[in-house]
Amino acid sequence: MNTLISKIQIATILCAVSSLPLFASAGETANTVSTSAGETKIEIKDFAFNPQTITVKAGDKITWINHDEEPHTVVSVEKQFKKSSALDTDQQFTITANAPGTYTYYCSVHPKMTGTIIVKG
Ligand SMILES: [Cu+2]
């Protein structure tokens, strides 16, 4: 019995380790595509903004989409853009990045959720 359990545990660990590089490369690909399109998407999932930090050009659009079952908001720490309403599942919120600078934001429902937007001129 003990042997069986430890074999399953080893298999689980190996599986988790081997899948890590796949996730990393998938994320890089998505970043490149969305940045070149002039519209960047930020997914809200598992109580986190993903990607947490983005770099865009002035004039680009930024859209958040909530994939959680919980409502989330997008609120600028220094009120640099209008805050969103509470986003329900699959709801989106879009802003246009104007003045170059660094914008930090958070979710007012879950203040530990934070993200950063860097707008280049
Ligand atoms: Cu939230």
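Visitor: Say two strands pair if DSSP finds at least two bridges between them. In which sense do β1 and β2 pair, parallel or antiparallel?

Guide: Strand β1, residues 39–45, pairs with β2 in the antiparallel sense, over three bridges. One of the residues involved is E43, whose bridge partner in β2 is N50. Strands (E, at least two residues) and helices (H or I, at least four) are DSSP runs, numbered from the N terminus. Residues are numbered from 1 along each chain as its sequence is written. This is a predicted model, so local features need pLDDT of at least 70 and side-chain atom pairs count only at pLDDT 80 or more, while totals for chains, interfaces and linings use all residues.

Visitor: How many helices and strands are in the protein?

Guide: The protein has one helix and eight strands. Along the sequence they follow the pattern α-β-β-β-β-β-β-β-β.

Visitor: Back to β1 and β2. What order do the strands of their sheet have?

Guide: It is an open sheet of four strands in the order β2-β1-β4-β6, with mixed pairing. Strands β2 (48–50) and β6 (92–96) are the edges, each pairing on one side only. Neighbouring strands of this sheet are turned by 20° against each other on average, direction ignored; the axes are lines fitted to C-alpha atoms, for helices over the stretch in contact, with angles running from 0 to 180 degrees between N-to-C directions.

Visitor: And how many bridges join β4 to β6?

Guide: Five, and those two strands run antiparallel. On the other side, β1 and β4 run parallel and are joined by six bridges. W64 takes part in both pairings: I42 stands opposite W64 in β4, and F93 is the bridge partner of W64 in β6.

Visitor: Which side chains of β4 are buried?

Guide: I62, W64 and N66, which point to one face; K61, T63 and I65 point to the other and are not buried. A residue is buried if 20 or more other C-beta atoms, placed from the backbone, lie within 10 Å of its own, exposed if 12 or fewer, and partly exposed in between.

Visitor: What about β8?

Guide: There G115, I117 and V119 point to one face and are buried, while T114, T116, I118 and K120 point to the other and are not. Strand β8 runs parallel to β3, with five bridges, and antiparallel to β7, with six. I54 stands opposite I117 in β8, and Y105 has G115 as its bridge partner there.

Visitor: New topic. Which residues have the most contacts inside the largest nonpolar core?

Guide: I42, V56, I62, A97, I117 and V119, in a core of 15 residues. Strands β1, β3, β4, β7 (101–106) and β8 (114–120) each supply at least two of the core residues. Such a core is a set of buried Ala, Val, Leu, Ile, Met, Phe, Trp, Tyr and Cys residues joined through C-beta atoms within 7 Å.

Visitor: Where is A58?

Guide: In the loop between β3 (53–57) and β4 (61–66). A58 is partly exposed because 13 other C-beta atoms lie within 10 Å. Leaving aside neighbours within four places in sequence, A58 is in contact (C-beta atoms, placed from the backbone, within 7 Å) with A97, N98, P100, V119, K120 and G121.

Visitor: Last one. What pLDDT does the protein average?

Guide: It averages 81, and 69% of the residues score at least 70. Over residues 10–35 the pLDDT is below 50. The score is the predictor's confidence in each residue, from 0 to 100. Where pLDDT is low, the predicted coordinates should not be read in detail.

Key. Two residues are in contact if their C-beta atoms, placed from the backbone, lie within 7 Å.
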